[in-house]
Amino acid sequence: MLIKEVHHRIRNNITSIASLLTMQSRSVTDPAAIAILQDAIARVSTMRVLYEKLLNSTDHVAASVKPFVEGLVGAAAALFPDDQRIRIATRIDDFDLGSKQLFPFRIIITELLTNALKYAFRGTRWR
């Protein structure tokens, strides 16, 4: 019960941090500053997804990878609402990872997703 409460409090704090960064990004006009804030929001949002998955798991030390990655994809895609022509399809085999593996896994997936969304479609006529 204590672990569940700790995860819940951490998740709430992370949500507050993401909200503060989002509010700040709306008041900035410099494209470089906006990009930096979007990167920070992406990282913080994926931490929230991780804690939600751990909070919703039965043992709170491992989580199913498929819904975790789907949550990361949704969080990353939400940061780029202007790119509505991009559709992300996922085909993920499901397996459990412990929290020690989920943290570096989250970082890798987040970096891949945000970099792909930021740079893969540069130079296209609709960007």
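Glu 111 has a relative accessibility of 26% and therefore counts as partly exposed, since that class lies between the 20% limit for buried and the 50% limit for exposed residues. In this predicted model, Glu 111 is the partner of Arg 43 in a salt bridge, with 2.6 Å between the closest N and O atoms. The pair joins distant parts of the chain, as Arg 43 belongs to helix H2 (residues 31-56) and Glu 111 to helix H4, 68 residues apart. Arg 43 is likewise classed as partly exposed, because its relative accessibility is 36%. The structure holds one salt bridge.

Helix H4 (residues 99-119) also packs against helix H3 (residues 65-78). Their axes come within 10 Å and cross at roughly 35 degrees, and the crossing of H3 past H4 is right-handed. On the H3 side, the contact is made by Val 65, Phe 68, Val 69, Leu 72, Val 73, Ala 76 and Ala 77. H4 contributes Leu 102, Phe 105, Arg 106, Ile 109, Thr 110, Leu 113, Thr 114 and Leu 117. By class, the residues of this contact comprise twelve nonpolar, two polar and one charged.

The wider fold gives these helices their setting. The protein contains four helices and two strands, arranged from the N terminus in the order α-α-β-α-β-α. Of the contacts with a separation of 6 or more, 73% are between residues 24 or more positions apart. Among the 127 residues of the protein, 32% are buried. The exposed surface amounts to about 8200 Å², of which carbon and sulfur atoms supply 57%.

Technical notes: Residues numbered from 1 in each chain as written. Predicted model: local features only at pLDDT ≥ 70, side-chain atom pairs only at ≥ 80, totals over all residues. Heavy atoms only, no water. Axes fitted to C-alpha atoms, helices over the stretch in contact; angles between N-to-C directions. Left-handed = near helix turned anticlockwise from the far one by under 90°. Contact = heavy atoms within 4.5 Å. Nonpolar A, V, L, I, M, F, W, Y, C, P; charged D, E, K, R; others polar. Salt bridge = Lys/Arg side-chain N within 4 Å of Asp/Glu carboxyl O. Buried < 20%, exposed > 50% of the residue type's maximum accessible area, 1.4 Å probe, protein only. Areas by Shrake-Rupley, 256 points an atom, 1.4 Å probe, with all protein chains shown as cover.
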